[in-house]
Amino acid sequence: MRNGSLTRIHVRTIPVALLEERDKRARWQGIPLLLKRLHESSHTHSDLTKTHNMVKELSSLLSMEAMSFVTEDRKTPQESVSPNTYTFDLFGGVDLFVEILMRPTLSAQRDVPISKYSLGCFFACVCIKTEGVTKSLAARDDFVMFLFTLMSNKKTFLQTATLIEDIMGVKKEVIRLEDIPNLASLVQSFNQQQLANFCRILSVTISEPDVGVDDKHTLLARNSQQKVTVSPSRAESNQVALLNIPGFIERLCKLATRKVSEASGTAALLQELEDWHSWLDNALVLDALMQMAIEEAEQSSTGEGGHPLITSRTSFPLRHTLPQSMKIVHEIMYKVEVLYVLCVLLMGRQRNQVHRMLAEFRLIPGLNNLFEKLIWRRQPSSHALHRQNQNCDCSPEISFKIQFLRLLQSFSDHHENKYLLLNSQELNELSAISLKANIPEVEALVNTDRNLVCDGKKGLLTRLISVMKKEPVDSSFRFWQARAVESFLRGATSYADQIFLLKRGLLEHILFCIIDSGCKSRDVLQSYFDLLGELMKFNIDAFKRFNKYVNTEEKFQTFLGQINSSLVDSNMLVRCIVLSLDRFEGQTEDVKVVEVLSECRLLSYMAHVENRLSFLFRLISIINVQTLTQENVSCLNTSLVVLMLARWRAKLPFYLNALRQKEFVEKYPGYLLNNFHQLLRFWQHHYLNKDKDSTCLENSSCIPFTYWKETVTVLLSSDRSSLCAIASYIDDAYRDLDRDFLEV
């Protein structure tokens, strides 16, 4: 019955005598009898004192059982014995308590103890994951909305917030924040700690549902889904609702940049985090412990039983064994949620509005001051790398760092406010670089408000590079650090930005990691390839530095081996080399350019047409329309860059004929060109309706998007007399150009 479907019993129809008889044999602890008495005595004008006592007794029975469960060695519900909670649910306790809790007379009188103990019972059922309880609560929209009203009371806030968080985790649809009664006044009534806690709920309501890692993750499936998705989505509407709350973003900025208390030494803190993480990963337990400490004096004076999950201090004396750093753990855990909310808002449709507010409330200078408090060292226990949309069960300290870096990445990516990551001296350095190179300053740099940039001797970007260079080889923080720095460079290429980072030894550090460090992580290597591409693109000084570091054939072959080992990971770097070579070949009047072109192994290698063709063959071969994702669609765009540059130099027919010859050598005529034709048809379907993506393509390549579109149109032409049309190079027997990829 525990593992099957649970048929709940209506206790009101069972005689008391029968319940008493069965209670002794089944060891029900009198729970069915209590529920029957509670049902019979609970009505609109019932005595709240009696109701209070019965609810408190039931809460006590369930809460201790729940505390035992969450502090065990992570046993599953099947392995743990939880007879009280199971019996409570079996005899309709959950439905009865929902009815009692939502009763208008109770709400009008604001009977906090009854509400508190009722929530304790729900906690126990949800915590032990009693079958179907959380889902049944989530299905009642009226109950979910009612729970938000309980958050206005300090004594019930914590339990309510955690219960809502658990319910949101199983609810099929994202709730509408605008449906919450008096949302703005509710949020404004929260103190800072409550607001931080509330962010855990908000993180679910403002995030788009994760499509997962199966075939729904493909661009084809995503585009199809977008056609049937109502716009704006609930998550987008919820983001707007939050931004309309006066003072909301300002308070989040204060929470994000509030300094972490240093109640104990840093080394001791990190060790305690490791030790306590083994069982404190359950936020319910940590919140309960914190609430217990906060309310200790009040509880001793009022005689109330304390937190509904910790009703017996003598049997669970954790307050005597908690480390001093518990408050720091608590602060770190909620900073993770606050940073996540800010990160999601930065990636939403109101991005520019959010950016203005974050700049105004000096988020970046505050994070710069906070950065010094984060100790970047190798963790005693290993931790896996988590992508942006993956759940993370890392320790709070690790999660904090990762979310910190994610926020920096979102803040800098393709936005002029990225210069707020520097201090005034560093901004002056950028101006000096432009002046020396006799090039105009970037407009975004000129327009940067010096009152909003970082303080101190180093800006946030410089601090990040410093810790990045010290990071252990096998640390997965390298991935997020590289992503954050790369985002600063993304967009229209800035020579001054590149030189600023080159002067700090970033290129040599990246090459060391790729060639000499022994790094095996594909994710980390991909992030370094992408960063290297942005750092070197169109920059002759960077290629000169590259050749100085890669000064032997052995090093160069190791570097090529890393590139060729996974072209999906390295294709952005290949694109950078191809684009840069094409530009440098048009600057032969510059002596320095000619010198580097003749000496640089990397440019000389790519100058050989057979090497460019080899990359082109492989780029087209490793993808097809059905497997295109956000991760590998760059391979299609890199292959297009190669062919656009060939078309510009009137060599497109040569490249297409080379693809045809490759097919016959492989004894598989038509497979490359048919596949590429399908990919280009999808390209039109995907990019011609996405303004942001097209802008990114143009900025990153310095090729007008009109030329991208023209080249694709030429390649897809049905005119078989055109030497630039793919159809001209496929024999009739092997032609498969008309298949509808949308139906595959």
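**Reading a predicted, all-helix model by its definitions**

Colleague: Which elements have the lowest and the highest mean pLDDT?

Modeller: Helix α16 (residues 266-280) has the lowest mean pLDDT among the elements of the protein chain, 44, and helix α27 (residues 495-502) the highest, 98; pLDDT is the predictor's confidence in each residue, from 0 to 100. This is a predicted model, in which local features need pLDDT of at least 70 and side-chain atom pairs count only at pLDDT 80 or more, whereas totals for chains, interfaces and linings use all residues. Residues are numbered from 1 along each chain as its sequence is written, and side-chain values use heavy atoms, with hydrogens and water left out. For the protein chain, the mean pLDDT is 82, and 77% of residues reach 70 or more.

Colleague: Over which residues does pLDDT stay under 50?

Modeller: Residues 211-216 are one such stretch, with 7 contacts beyond four places in sequence; residues 377-382 are another, with 10 such contacts. A contact means heavy atoms within 4.5 Å. Where pLDDT is low, the predicted coordinates should not be read in detail.

Colleague: What secondary structure does the protein chain hold?

Modeller: The count is 40 helices and 0 strands, taken as DSSP runs numbered from the N terminus (helices: H or I, at least four residues; strands: E, at least two).

Colleague: Why is Cys519 not in a disulfide, and why is Cys519 called buried?

Modeller: A disulfide requires a pair of cysteine sulfur atoms within 2.5 Å. The closest cysteine sulfur to that of Cys519 is in Cys513, 7.0 Å away, and therefore too far for a bond. The whole structure has 0 disulfides. Buried means under 20% relative accessible area, exposed over 50%, and partly exposed in between (1.4 Å probe, protein chains only). Cys519 has 9%, so Cys519 is buried; Cys600, with 1%, is buried as well.

Colleague: What makes Lys592 partly exposed?

Modeller: Its relative accessible area is 33%, so Lys592 falls in the class between buried and exposed. Lys592 is found in helix α33 (residues 591-599) and, leaving aside neighbours within four places in sequence, is in contact with Ile540 and Asp541.

Colleague: How do helices α26 and α27 pack?

Modeller: Helix α26 (residues 477-489) and α27 pack at about 145 degrees with axes 9 Å apart; axes are lines fitted to C-alpha atoms, for helices over the stretch in contact, and angles run from 0 to 180 degrees between N-to-C directions. Val485, Phe488 and Leu489 of α26 meet Asp497, Gln498 and Leu501 of α27.
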